Amino acid sequence: MSAPMSAVAAAAYLHHMELQSANPARLAEFYDRVMQMKAEKLKAEKLEGDRFICRGADRTMLIGKGRDKALGFAAFACRDAEALEGVRLYVERAGGKIEKSPSPLFDDRAFAVRDPEGNAIVFGLAKTPAGAASRDIRGPLQHITFGSTDLVPMEKFYVSVLGMALSDRVKDDKGRMTTCFVRSTHEHHTVGMFLKPEAGLDHHSYEAGEWTTIRDWGDHLGALHEPIVWGPGRHGPGNNLFIFIKDPDGNMIEISAEIEYVRDRPVMEWKHEPYTLNSWGPAIMRI
Ligand SMILES: [Fe+2]
């Protein structure tokens, strides 16, 4: 019998996610060509329209038919079956409503729970281990961020219901929280949320690890004539280096390096200003 276990204790990491698109084939082609994630049509599913799986080294994206820029779900893998059961008990004890997992990549022990803005967060066990040898440029899927119209209940959900740890907050002059970062591993954030006029997916990120690997991504993107739309820069919270590109649906994709490993430091509060978001200068402010 498992005991309740927080997402941090379960070492839950972002294993895969699903994007929805009005044109799944076009989006899958982009992730295949640009993000080095080999695209295949998923078979044996009674689904309307096409659904694709795009897989690279430690990065997997499902693409289903739907509204452009909508998130299907974000799926976190736990370290083992005891941890997964522990997270389920933790969520149930905190009053979270358990739903059936929509992911074909986790086994039937997986479950989903929705945050206050309706984003589906799935926990499960990876059927195939991460870390396959590959010549692809390094970039494991690492974090996802949301726009939110009310960050207070969102932070409460991720911390109190899922058991993620608060890393940092950004606040404006009036004391209003404008950004919040939470983690389910030692990495500074596996989920981030920005105060915005509209809720929904903000961006997702691949962790290249080292600055020189961002260089390799830049060379690869340049050869494909895929423009960098923001960066290079360095975030204040998380201290990670970054570049951003956009997929054909307009989803923002981050390639990051050197994200902070948080062990035993207090939560920090940052000022809401462009130099917090990018300590090298130009920032895409959400509000
Ligand atoms: Fe990010």
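Q: Strands here are DSSP runs of at least two residues, numbered from the N terminus. With that in mind, where is the place of Ala 11?
A: In this predicted model, Ala 11 sits in the segment before E1.

Q: What makes the phi of Ala 11 worth a look?
A: Its sign. Most residues other than glycine have a negative phi. Ala 11 is not a glycine, yet its phi is near 50 degrees, a positive value.

Q: Why is Ala 11 called partly exposed?
A: A residue is buried with 20 or more other C-beta atoms within 10 Å, and exposed with 12 or fewer. Ala 11 has 16, so it falls in between and counts as partly exposed.

Q: Where is Glu 258 found, and what is its phi?
A: Glu 258 lies in the loop between strand E16 (252–257) and strand E17 (268–271). Its phi is positive too, near 60 degrees.

Q: How do you know whether Glu 258 is buried, exposed or partly exposed?
A: Count its neighbours: 17 other C-beta atoms lie within 10 Å. Being buried takes 20 or more and being exposed 12 or fewer, so Glu 258 is partly exposed.

Q: What kind of peptide bond joins Gly 231 and Pro 232?
A: A cis one, with omega about 5 degrees. Pro 232 belongs to strand E14 (residues 230–234).

Q: How many residues of domain 1 and domain 2 are in contact?
A: Contact asks for C-beta atoms within 7 Å. By that test, 28 residues of domain 1 meet 28 residues of domain 2. On the domain 1 side, E1 gives the largest share, 6 residues.

Methods: Residues are numbered from 1 along each chain as its sequence is written. This is a predicted model: local features need pLDDT of at least 70, side-chain atom pairs count only at pLDDT 80 or more; totals for chains, interfaces and linings use all residues. Two residues are in contact if their C-beta atoms, placed from the backbone, lie within 7 Å. Helices (H or I, at least four residues) and strands (E, at least two) are DSSP runs, numbered from the N terminus.
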